[in-house]
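Colleague: Please take a close look at one part of this model, the packing, and work outward from there to the rest. I would like the reasoning spelled out where a label depends on a cut-off.

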Amino acid sequence: MEHHSARGIARILKVLVDVTFVCNLAAIPAVPFAVSRLHEEAGRSALDAYHLVLALFLCFCGCCTAVVLRQARRVLDTVIAGEPFCMDNAVSLRRAAVSAFLISGAAALRVVWGLVTYRSVHPLLTYNALFVPVFAMAGLLCLVMSALFRRAAEIKAENDLTI
Amino acid sequence: MIVVNLDVMMARRKMTLSELAARVDLTLANLSILKNNKARAIRFSTLEAVCAALECQPGDILEYAPDEADVP
């Protein structure tokens, strides 16, 4: 009963992840245009360093989140298929962890860049600064999950070969 | 390593794999894994059923053979 409800939840989650993944892919090419528009609204003509860094950061994070979502789709596919405890999921979660750490690192770099450029504590009070611990923790969580799935896959293989 | 001599005992008892599978209530696939030394472990209940079906002792089916690396 619980197994079936887990599959049902996984199906709903897969639809949501699919939609987010498609939106993510569509948003990445639109980032330079959106940042350029933001720049124009700010009333500036030449592209300044802030908007350039923002565009690069958003594009990079967009690519990383696409990787995370793709891995999530793969994990959910195995849950829906009823075979969640496989080595592929451990690999997928490790990839997702690496992507999360990259986002965290990029956000940290942007904070440092802001601190050096503007010589104020303002960059520490932005959402960008919040990305650093949030994505670092998400990466660590994915690493723990990866280790758990790896162990579960090993135990399952051993159990399958116990006659 | 532990070697499974199931095929030897089956030959002595003139019993086929499918016949043994039916007697011990195991799938043919699982019994093949056991026979071909691919199993990682064997449950006591399975061993008991196999011994009962083949009228033998666990020692007739399982044998310890030292690995080449372990031999001094």
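Modeller: What follows starts with one helix pair, moves to the core and some single residues, and ends with the other chain and the contact between the two.

The model is predicted. The pair to start with is helix 2 of chain A, residues 49-81, and helix 3 of chain A, residues 87-118, whose axes come within 9 Å and cross at roughly 165°. Angles over 145 degrees count as roughly antiparallel, so helix 2 of chain A is roughly antiparallel to helix 3 of chain A. The contact of these two helices involves 17 nonpolar, six polar and four charged residues. Their crossing is left-handed.

The nonpolar residues can be followed into the core. The largest nonpolar core has 20 residues, and those with the most contacts inside it are A:Val68, A:Ala72, A:Leu93, A:Ala96, A:Ala100 and A:Ile103. Three helices of chain A, namely helix 2, helix 3 and helix 4 (127-160), each supply at least two residues of this core. A second core, separate from that one, has 13 residues, among them B:Met10, B:Leu20, B:Leu31 and B:Ile61. Nonpolar side chains tend to be buried together in soluble globular proteins. Within chain A, leaving aside residues up to four places away in sequence, A:Ala72 touches A:Val17 and A:Ala96.

Single residues on the two helices fill in the picture. A:Val79 lies in helix 2 of chain A. With 18 other C-beta atoms within 10 Å, A:Val79 is partly exposed, because 20 or more would be needed for buried and 12 or fewer for exposed. If residues up to four places away in sequence are not counted, A:Val79 touches A:Ala6, A:Arg7, A:Ala10 and A:Pro84. The C-alpha atom of A:Val79 is separated by 10.0 Å from that of A:Lys14, which is 65 residues apart from it along the chain.

A:Gly114 is found in helix 3 of chain A. A:Gly114 has 20 other C-beta atoms within 10 Å, so it is buried. The C-alpha atoms of A:Gly114 and A:Ala10 are separated by 40 Å, with their positions 104 residues apart along the chain as the separation.

After helix 3 comes a backbone detail. A:Arg119 lies in the loop between helix 3 and helix 4 of chain A, and its phi is near 50°, a positive value in a residue other than glycine. Most residues other than glycine have a negative phi. A:Arg119 counts as exposed because it has 8 C-beta neighbours inside 10 Å.

Chain B has a case of the same kind. B:Lys14, in the loop between helix 1 (6-12) and helix 2 of chain B, also has a positive phi near 50°. With 7 other C-beta atoms within 10 Å, B:Lys14 is exposed.

As a whole, chain B has five helices and two strands, in the order β-α-α-α-α-α-β along the sequence. The C-alpha trace of chain B spans about 45 × 20 × 20 Å along its principal axes. Of the 72 residues in chain B, 17% are buried. Among contacts in chain B with a separation of 6 or more, 61% are between residues 24 or more positions apart.

For a helix pair in chain B, take helix 2 (residues 17-24) and helix 4 (residues 44-54), which pack with their axes 9 Å apart at an angle of about 120°. That angle makes helix 2 of chain B oblique to helix 4 of chain B, because it is outside the range of 65 to 115 degrees for roughly perpendicular and is not over 145. The crossing of these two helices of chain B is right-handed. B:Leu20, B:Arg23 and B:Val24 in helix 2 of chain B meet B:Thr46, B:Ala49, B:Val50 and B:Ala53 in helix 4 of chain B. By class, the residues of this contact are five nonpolar, one polar and one charged. One of them, B:Leu20, is also in the second core.

The two chains meet through eleven residues of chain B and four residues of chain A. On the side of chain B that touches chain A, helix 3 (residues 28-35) of chain B gives the most, with three residues. That side of chain B has six nonpolar, two polar and three charged residues.

Key
Residues numbered from 1 in each chain as written. Chains lettered and ligands numbered in written order. Predicted model: local features only at pLDDT ≥ 70, side-chain atom pairs only at ≥ 80, totals over all residues. Axes fitted to C-alpha atoms, helices over the stretch in contact; angles between N-to-C directions. Helix = DSSP H or I, 4+ residues; strand = E, 2+ residues; numbered from the N terminus. Parallel < 35°, antiparallel > 145°, perpendicular 65-115°, else oblique. Left-handed = near helix turned anticlockwise from the far one by under 90°. Nonpolar A, V, L, I, M, F, W, Y, C, P; charged D, E, K, R; others polar. Contact = placed C-beta atoms within 7 Å. Core = buried A, V, L, I, M, F, W, Y, C linked by C-beta atoms within 7 Å.
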